[in-house]
Amino acid sequence: MIKDSIIKTVGKLPGKTVAIFAGTHGNEKVGIFALEKLEKDLIVKKGTVYLVYANPPAIEANKRFITKNLNRLFSRHEKGDTYEDIRAHELMGILDQCDALLDIHSYNSPSGDQFSFCEPNGYDILKLMDFPIIVSRLDPDPTMYSTTTMGYMNKKGGIGFCIECGTSNRENDFLELAVKSSYQFLQYFGNIDMVIPNDNIKQQVIKNERMYYKKNLEFKFVKDFKDFEVLPAGKPFAFDGEESLIAGENECIIFPRPNVPAGGEVCLIGSFIK
Ligand SMILES: [Zn+2]
């Protein structure tokens with residue numbers, strides 16, 4: 001049971017205001033466990049830190065969401081009346097006070113590496129962290145940012161990013177990474193008085209090219225793809241009813257989800273940036 005879903009801690013000295021979200025998708029437990037640790041241990045020296053359990057009913061039900069994907073509702077133009085719509089407006093009120101947001105997620109694929117989503121304004125922060133892959137829209141037009149938590153943050157001129165701490169069914173393997181990354185984020189913004197070492201790993205940037213939505217129930221990938229698997233250029237990688245989905249040169253797949261309902265997000269396509 002989550003007693004307090006928005007925990008605000010203010011340091012003695014002035015500084016940046018930042019937020020760490022977990023449970024934006026309620027079944028992604030690694031962030032929730034990381035936040036529980038931070039709630040116990042974190043000492044804020046400067047500025048203000050919000051720790052936010054983003055979707056408490058979904059966290060308690062261990063579901064991605066109750067009615068709507070919370071991570072697509074971060075826009076002041078959204079006017080729905082479900083719990084998630086109302087919660088998104090409440091959380092936008094928190095983000096409006098913040099300079100930066102770290103949103104902790106995990107993914108459904110049964111295996112794979114940790115990775116992160118951010119725009120170029122977040123690269124310097126990610127350099128402090130241990131994510132071998134950075135997925136970025138690299139889009140110069142901020143009005144086109146998405147209605148995700150990080151999209152909202154970037155659109156209003158802050159720095160928003162999302163870390164994907166491994167696969168959802170192995171949360172204990174990635175808990176240390178989620179906690180360490182949270183401290184590295186707070187270190188960058190000067191909220192804490194600690195230096196958290198990183199592994200200085202090589203980071204590959206992948207441009208987020210496009211999203212595919214499932215049109216037909218008979219949608220089929222030509223094989224079981226893993227995240228970031230390179231797609232055969234010019235050949236179909238999936239069939240959506242009569243339509244073949246074709247990849248270009250140097251493209252890879254992200255979040256293949258063949259079992260989403262029709263209309264759902266069935267995969268993202270990225271391209272490797274040298
Ligand atoms: Zn998620």
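**Zinc site.** I looked up the protein donors of the zinc ion (N, O and S atoms within 2.8 Å of the metal, 3.2 Å for Na, K and Ca). They are His25 (ND1), Glu28 (OE), Glu28 (OE) and His105 (ND1), at 2.0 to 2.4 Å from the ion. Water is not among the atoms, so the site may look incomplete.

**Source.** I note that this is a predicted model, where local features need pLDDT of at least 70, side-chain atom pairs count only at pLDDT 80 or more, and totals for chains, interfaces and linings use all residues. Residues are numbered from 1 along each chain as its sequence is written, and side-chain values use heavy atoms, with hydrogens and water left out.

**Geometry.** I found angles of 57 to 146° among the 4 donor atoms, and the site is irregular. Four donors count as tetrahedral if all angles lie between 85 and 135 degrees; four count as square planar and six as octahedral if opposite donors are over 155 degrees apart and all others between 65 and 115; anything else is irregular.

**Spacing.** The donor residues follow H-x2-E-x76-H in sequence. Glutamate 28, in the loop between β2 (13-22) and α1 (29-41), and histidine 105, in strand β4 (residues 100-107), are 77 residues apart and link distant parts of the chain. Helices (H or I, at least four residues) and strands (E, at least two) are DSSP runs, numbered from the N terminus.

**Burial.** I checked relative accessible area (buried under 20%, exposed over 50%, partly exposed in between; 1.4 Å probe, protein chains only). Glutamate 28 is buried at 3%, and histidine 105 is buried at 2%.
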